[in-house]
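Hi,

Here is the structure I promised to pass on. Have a look at it first, and my notes on what turned up follow below.

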Amino acid sequence: MSALPSKVFLLLKQAEDDYKSGYYDKAISAAYFSCRMASEYLLKKLNAPIPRRDDKLANAIGDIIRKEITDMLKRLYYYRIHADYSEDPSPMEIAQESLNLATYIISSIKKFLHEL
């Protein structure tokens, strides 16, 4: 099965760069969208429907890979909503956790695709 699109890794790299530059909200958002793109790609490859709602997408990916991925994707989505819409800036710790979650999720999806 084919590898993930390069844009997934570009977004993850942008998230890392934004984090290093202190742009925590941007890092959180890019981390989330890298995982969303990887998730949608996996579902396309499996000819599965792609849910529009983020919670349904998280459930679909968790059903395919592992349930723990569902909670991780939902947490990453929650952080992204806060980063994009809250008047308060996101703390560095949340940005770091978002990067860790995104790295793990993408690695899990990449591994799953490789094993198909």
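Keep in mind that this is a predicted model. I'll start with a helix pair: α3 (residues 54–64) and α4 (residues 67–85) have axes that come within 7 Å and cross at roughly 155°. Angles over 145 degrees count as roughly antiparallel, so that is the label for α3 and α4 relative to each other. As for the hand, their crossing is right-handed.

Who makes the contact? On the α3 side you'll find Asp54, Asp55, Ala58, Asn59, Ile61, Gly62 and Asp63. Facing them from α4 are Lys67, Ile69, Thr70, Leu73, Lys74 and Tyr77. Sorted by character, the residues of this contact come out as 5 nonpolar, 3 polar and 5 charged.

Next, the aromatic rings. The count comes to 4 aromatic pairs. One of them is tyrosine 19 with tyrosine 24: the ring centres are 5.5 Å apart and the planes sit at 50°, so this pair is tilted. The cut-off for buried is under 20% relative accessible area, so tyrosine 19, at 18%, is buried. Its partner tyrosine 24 has 22% relative accessibility and therefore counts as partly exposed.

There is also a ring cluster, in which ring pairs link Tyr32, Phe33 and Tyr77. You've met Tyr77 already: this α4 residue is also part of the contact with α3.

That's what I have for now. Shout if anything looks odd on your screen.

Cheers

Methods. Residues numbered from 1 in each chain as written. Predicted model: local features only at pLDDT ≥ 70, side-chain atom pairs only at ≥ 80, totals over all residues. Heavy atoms only, no water. Axes fitted to C-alpha atoms, helices over the stretch in contact; angles between N-to-C directions. Helix = DSSP H or I, 4+ residues; strand = E, 2+ residues; numbered from the N terminus. Parallel < 35°, antiparallel > 145°, perpendicular 65-115°, else oblique. Left-handed = near helix turned anticlockwise from the far one by under 90°. Contact = heavy atoms within 4.5 Å. Nonpolar A, V, L, I, M, F, W, Y, C, P; charged D, E, K, R; others polar. Phe/Tyr/Trp six-rings, centres within 6.5 Å; stacked < 30°, edge-to-face > 60°. Buried < 20%, exposed > 50% of the residue type's maximum accessible area, 1.4 Å probe, protein only.
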